[in-house]
Amino acid sequence: MAVQIPEHASAVVIGGGVIGSSVAYHLAKLGWNDVVLLERNQFSCGTTWHAAGLIGTMRANEPHAKLCEYSMSLLAEIEKETGQSTGFKQVGSLTVAHSEARFEELKRVAAMNNAFGVTRVDIVTPAEIRELYPLVETSDLLGGSWVGQDGSASPVDVTQAFIKGARGRGALCIEGVRVTGIRQNDGRVSGVVTTEGEIAAEFVVNCAGLWGREIGRMAGVNVPLHACEHYYAHTEKLADLPGDLPVLRDHDNCAYYREDAGSLLIGAFEPNAVPWGQNGIPLDFAFEELEGHMDEQFMPVLEKAMERVPLLAECGWRSFFCGPESFTPDDQFHVGEAPELKNFYVACGLNSIGIQTSGGLGRALADWMDKGHAPLDLWSNDIRRMFPFQSTQRYIEQRVSETLGLLYDNHFPYKQMQTSRDLRHSPLHERLAALGACFGEVAGWERPNWFAPDGVEPKYEYSFGKQNWFEYSAAEHRAAREKVVLFDQSSFSKYLVQGRDAVSLLQRVSSADVDVAPGRMVYTHWLNERGGIEADLTVTRMAEDEFWVISGATQTIKDLHWLRLHIDADEFVCVSDITNAWAMLGVMGPDSRALLGDAIDHDFATENFPFGDFQPVEVGMSRGFAARVSYVGELGWELYVPVDQARHAFDYLWEQGANHGLTLAGMHALNSCRLEKKFVHYGHDVAEVDTPLECGMGFVCALDKAVPFIGRDAILAQKESRSFMKKRLVQFLLLDPDATLYHHEPILRDGKIVGHLTSGDYGHTLGGAVGLGYVEADDEITRDWLDAGQFAIDVAGDHVAAKASLSALYDPKAERMRG
């Protein structure tokens, strides 16, 4: 029997699982009364129906904690609104640790979540664990964490509640209609083609779950995700099993446990998962199980589970289940507007946290569509963080075999992915490998993070303390401060902006005045209308109608999308990604001028080469450019040479540098140097919810330039109201030289939490761990206010005394890099 579909909708949501139904519900709640939700088969039939239904609010960052907290709080609200039970049982959740590393991680995560102010996390003893969960074996446990507000719910019932709520607010939720194509016009989505006809629409949302990558391809949109086998088992009904038994997680043994209608459900997130659906997901796949690899994948986890909960070794088993779940290259879900197609939005690839995130994610995406911007900092999930190569079959299939298990693995700082590596190489890669580089991967790039001395294997040994490479990176850091080093920064994004209207576009998009003489580099932000920072980069004028833009390695897609988005219809501007055309060598340190002066026939004196200049140079037989700029806070130059000549340029500089003590330095040394100088990193210290005034960089805003920049009015209003004085980026130096910082550690003033760190590392020159973080207060945050308080950073539950400063503790006047 044919299904009736409307000819038009304000938004078509593709996929009737828990995420799609939540998006439809929240759009309808905002007043979008002609939303259409399309499900190819039956609601919940893909992965939602077999989800474990865990509801957890302890997350690794503040935005995710807020999403999950709203998701949990919504369950009672939507039950009341619709009369549809969600099956939510608020029994709490318990995570146990039987290794020092795991216990350290739990304490750090507990501290950061308490700083977020969203949920309360308590560290508990083995005795308290036994009291909370009488069935558990505690003899080998060191402790654990407890979240009293967590629990579990019925995934199918949660989905039905969203659908009932959406229908009650005017949305059409239709089963048995499959989307077969995406219509678009002039770079904007215009509707969908279905098995029952076409629907014209202003917005389309891809919530297709397992089929998300395929739906993306229909629209020409990159959505890297892939299914993996996921396992759990049910015991038979157990007499006297408490119905209020908490959810239990044993990450070290890859298992979770929950009470389910009188039985225990045990699930696994094992390492080395098995990808599924390599040849595509069958169109009729619904409510189905997979044959799986039960003996190899699940049984080792189940055997350990029987040791943790001995009752399991004595009971019968009702069922063993294997079903598919979607995973992404970085274990982060995808959300946001696709850069390839305007008004085509994505919310999929949930990495097994779909139920606990569903309400918050649905509301966030609905707000995003309604207002045109994300309601909170979701850069770590923004679909624009993904690169096209990440959805190739070989890449994504290999990577998800690792990402499933990473959910329960130790989340050590600096931990590197092992799969889908050696894809993007700098032209210097082999040279650096031969010289002891230990590579890390960012945006597919293999980048030297540190260099091992002769006789030492360049391999990470992970911990939450000072790792095995600490002293090697410290030596690189000191060489940058005292002598001269060479960084391979070829992974940095580089864009060519040219054409008649290039300057007017960049003047409008850039907060700083970039209408400068050719050969000058300008540090600037790109802001949104709210004054938030969309990009942190440099713009160099090469000619009257030609500019170079240099940005971070991970921001390529986002930057290019933002720039192209603001080209007016009558403007003539061409924007090109030239990242792969130019290698970038950073020669940094107080001896950099002497080295370059000897190696290159050019005058590097300040009178001829002032800070911010960009000049053509010859590096050996290579022609390139030198820019006097520094991300480490020392005298230095960035050298740009064509990729095909980069190895020659490196060999030449390496040979010439021998007489000047030139050494190699990696990204860890770059990071520790920039933190000492209070230089920000996009995605950590600044994002679209932070303004230049709040992060102490108001100098990048040319408020009086002839062409008003995007966000100018917001900056003026913030400046006039002085509201930025109550949220300020502060630098902290720990007074205990043995403590370590990474990010998200709570900031305390006089014992009260006033914020959390956004980034952290060890400051080898300052003699302790250094962190940056926003402090928020009712009073204006001034130097006197800082001095009047006692500051500490919560490091895994220990309050470590810290020095706080609004200006850089290292070379606050920037005399070293400008001298």
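This text walks through selected helices, strands, cores and loop residues of the structure. The model is predicted.

Start with helix α1, residues 18-29. Helix α1 has 12 residues and reaches 16 Å from its first C-alpha to its last. That is close to the 16 Å expected at 1.5 Å a residue. Of the 12 residues of α1, 11 are buried, so the helix is largely enclosed by the rest of the structure. The buried set is V18, I19, G20, S21, S22, V23, A24, Y25, H26, L27 and A28. Just after α1 comes G31, with a positive phi of about 105 degrees.

Helix α2 covers residues 62-82. Its 21 residues should span 30 Å at 1.5 Å a residue, and the end C-alpha atoms are 30 Å apart, which agrees. Helix α2 nevertheless bends, by about 35 degrees at L74. The bend residue L74 is itself buried. Other buried residues of α2 include P63, H64, A65, L67, C68 and Y70. Further along α2, S71, M72, L75, I78 and T82 are buried too. In an α-helix there are 3.6 residues a turn, so residues three or four places apart point the same way.

What do the buried residues of α2 pack against? Their partners are α1, β3 (54-55), α3 (100-116), α5 (155-168) and α8 (354-371). Both ends of α2 have a local feature. At the N-terminal end, N61 acts as the cap: a side-chain oxygen lies 2.9 Å from the backbone nitrogen of H64. After α2 comes G83, whose phi is positive, near 80 degrees.

Next, strand β6, residues 143-147. Is β6 enclosed or exposed? All 5 of its 5 residues are buried, so the strand is largely enclosed by the rest of the structure. G143, S145 and V147 point one way from β6, while G144 and W146 point the other way. Residues on both faces are buried.

Strand β6 has antiparallel partners. Strand β4 (residues 93-97) pairs with β6 over 5 bridges in the antiparallel sense. Within that pairing, T95 stands opposite S145. Strand β5 (residues 122-124) also pairs with β6 in the antiparallel sense, over 3 bridges. There, D122 stands opposite W146.

Now the nonpolar interior. In soluble globular proteins, nonpolar side chains tend to be buried together. Here, the largest nonpolar core has 62 residues. Which residues have the most contacts inside this core? They are I182 and F344. Helix α7 (residues 294-308) gives the most to this core, with 5 residues. A second, separate core has 48 residues, among them L27, A166, F203 and A366. L27 is one of the buried residues of α1.

Back to I182. Leaving aside residues up to four places away in sequence, I182 touches I14, V189, G191, V192, V204, I215, M218, A219, L341 and F344. Its contact F344 belongs to strand β19, which covers residues 344-348.

C348 lies in β19 as well. It counts as buried because its relative accessibility is 1%. Beyond residues up to four places away in sequence, C348 touches N206, G209, G212, V223, L225, F333 and H334. G209 is 139 residues from C348 along the chain, yet their C-alpha atoms are separated by 5.3 Å.

Further along the chain is an open sheet. How many strands form this sheet? It has 6, in the order β30-β31-β32-β29-β23-β33, with mixed pairing. The edge strands are β30 (614-619) and β33 (663-664), and each pairs on one side only. Strand β23 (residues 485-488) runs parallel to β33, and 2 bridges join them. L486 stands opposite L664 in β33.

Finally, two loop residues other than glycine have positive phi. S44 has a phi near 75 degrees. It lies in the loop between β2 (35-39) and β3. R722 has a phi near 60 degrees. Its loop joins α17 (712-721) and β34 (727-734). Is each one buried or partly exposed? S44 counts as buried, at 2% relative accessibility. R722 is partly exposed, with a relative accessible area of 38%.

How values were computed. Residues numbered from 1 in each chain as written. Predicted model: local features only at pLDDT ≥ 70, side-chain atom pairs only at ≥ 80, totals over all residues. Heavy atoms only, no water. Helix = DSSP H or I, 4+ residues; strand = E, 2+ residues; numbered from the N terminus. Expected span 1.5 Å × (residues − 1). Bend = angle between axes of the 7 residues up to and from the residue. Buried < 20%, exposed > 50% of the residue type's maximum accessible area, 1.4 Å probe, protein only. Contact = heavy atoms within 4.5 Å. Polar contact = N/O pair within 3.5 Å; in protein donor to acceptor, adjacent residues only side chain to side chain. Core = buried A, V, L, I, M, F, W, Y, C linked by side-chain atoms within 4.5 Å. Pairing = 2+ DSSP bridges.
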